Amino acid sequence: MNQDQSMNSLFRGQGGSAIIVGAGIVGLATARALAIRGYKVTVFERNERAVGASIRNFGMVWPIGQATGPMFDRAMLSRSIWKTICTEAGIWHNEVGSLHLAYHDDELQVIQEYVEVNHIFRDCALLNPTQTLDKSPAVNANGLKGALWSGEDMIIESREAVGQVAKYLADKYGVQFHWNTAITRIEHPKVISGNQSWQADEIFVCSGADFETLYPELFAETQITKCKLQMMRLTTQPDGWRIGPSLCGGLSMIHYPGFQAAASLPELRKRYEEQYATHLKWGIHVMVSQNGNGELTIGDSHEYGLVHDPFDKAFINNLITEYLHTFATFKDWQLLQSWHGIYPKMTNGATELIVDIEPGVTVINGIGGNGMTLSFGLCEEVIAKRTRQYL
């Protein structure tokens, strides 16, 4: 059954019931989109709280990374939903924007081209060194040629915010959460955990890489892989010192699709392939954000494959830190934590995986490393289309 056909059999009217498998950001975004349309929503999470990729990230709501057009629009929709939830629930968020820093002429050229193409569509500008240093005291001034300013990027503390969003949905919309409840089988309209079962009109599987367990055949036949990233956190900076915007080195410009609008990007990539071959081998590009406690989250790397060893590689963390020193200066570089996360990513260029397993059962997955940025927007679009309720 194709998606349009299955849509006709789904959502037979407002006020139905829905079950969500997974309380990460995609599950919460789906729960919100259904709850605001009058659905009775129940969420099942195998752990006592979300502990997967949704809390193992920078906390960046990152429209700058998306190309102008539908994906940027989705990111901005997601940002607006984040803003509303954070404001209503009292969740810490910081609309600090971001700086992509240039220390070479080819980096500055990419930024200039990016701004020329995009400035009429989004809040972005090419800054000179003085303007850049005025934005952030953490920028390394040595050799600085300028920066790309983006005013639309926002920071949340994901390891706290994800749980706070769940509480918000429970308090405002009556969404029910079953924690420590692993769904092991789905037989629409039922979901089953051990000898217990629950049922609903619609079931959404939003469990990240865990959907491989529920639907191994689908996972095996889908063009999807898993990405392991390594990240670190530095200690609280002294005396309330803040870095201001999130900071990014030039390597980030060849990582995010939004920068493909710059005609000279292939030449920059060519130089990086020669100068930073090891970094690119391990998918390293380097950024830093600061949370409300003054701690600095830094990273990251990208290793792709269906199976990853559970051990972090010290040399990857060293490469990240060494590159970070080229564009950032902090008051205190003490390492507080290091970790890795694993998320599913499509290998065919698709921006997400939405599959109707059968009428009433839908998988929403595969949005890669863009969960904080795109989930609320994506799930709002999907549920609005299927319910034909555009709020």
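**View 1. Side chains on the two faces of strand β1 in the predicted model.** S17, I19 and V21 point one way from β1, while A18 and I20 point the other way. Residues on both sides are buried. Strand β1 spans residues 17-21 and is mostly covered, with five of its five residues buried.

**View 2. Strand β1 and its pairing with β2 and β13.** Strand β2, residues 40-44, runs parallel to β1 and is joined to β1 by five bridges. Within this pairing, V21 has F44 of β2 as its bridge partner. Between β1 and β2 the chain passes through helix α2, residues 25-35. The resulting β-α-β crossover is right-handed. Strand β13, residues 202-205, is also parallel to β1, and four bridges join the two. Here I20 of β1 stands opposite F204 of β13.

**View 3. Packing of helix α3 against helix α12.** Helix α3 covers residues 70-89 and helix α12 covers residues 371-387. Their axes are 7 Å apart and meet at an angle of about 95 degrees. This value falls within the range of 65 to 115 degrees, so α3 and α12 are roughly perpendicular to each other. On the α3 side, the contact is made by M71, R74, A75, L77, S78, I81, W82 and I85. The α12 side contributes M372, T373, L374, S375, F376, G377, L378, E380 and E381. By class, the residues of this contact comprise 10 nonpolar, four polar and three charged.

**View 4. Surroundings of G341 in strand β19.** Strand β19 runs from residue 335 to residue 346 and includes G341. The relative accessible area of G341 is 1%; the cut-off for buried is under 20%, so G341 counts as buried. Leaving aside residues up to four places away in sequence, G341 touches R56, C227, K228 and L229. R49 is 292 residues from G341 in sequence, and the C-alpha atoms of the two residues are 16 Å apart.

**View 5. The open sheet of β3, β8 and β4.** Three strands make up this sheet in the order β3-β8-β4, and their pairing is antiparallel. The edge strands are β3, residues 60-61, and β4, residues 93-94, each of which pairs on one side only. Two bridges join β3 to β8, residues 154-156. In this antiparallel pair, M60 stands opposite I155 of β8.

Key: Residues numbered from 1 in each chain as written. Predicted model: local features only at pLDDT ≥ 70, side-chain atom pairs only at ≥ 80, totals over all residues. Heavy atoms only, no water. Buried < 20%, exposed > 50% of the residue type's maximum accessible area, 1.4 Å probe, protein only. Pairing = 2+ DSSP bridges. Right-handed = clockwise from strand over helix to strand, strands pointing away. Axes fitted to C-alpha atoms, helices over the stretch in contact; angles between N-to-C directions. Parallel < 35°, antiparallel > 145°, perpendicular 65-115°, else oblique. Contact = heavy atoms within 4.5 Å. Nonpolar A, V, L, I, M, F, W, Y, C, P; charged D, E, K, R; others polar.
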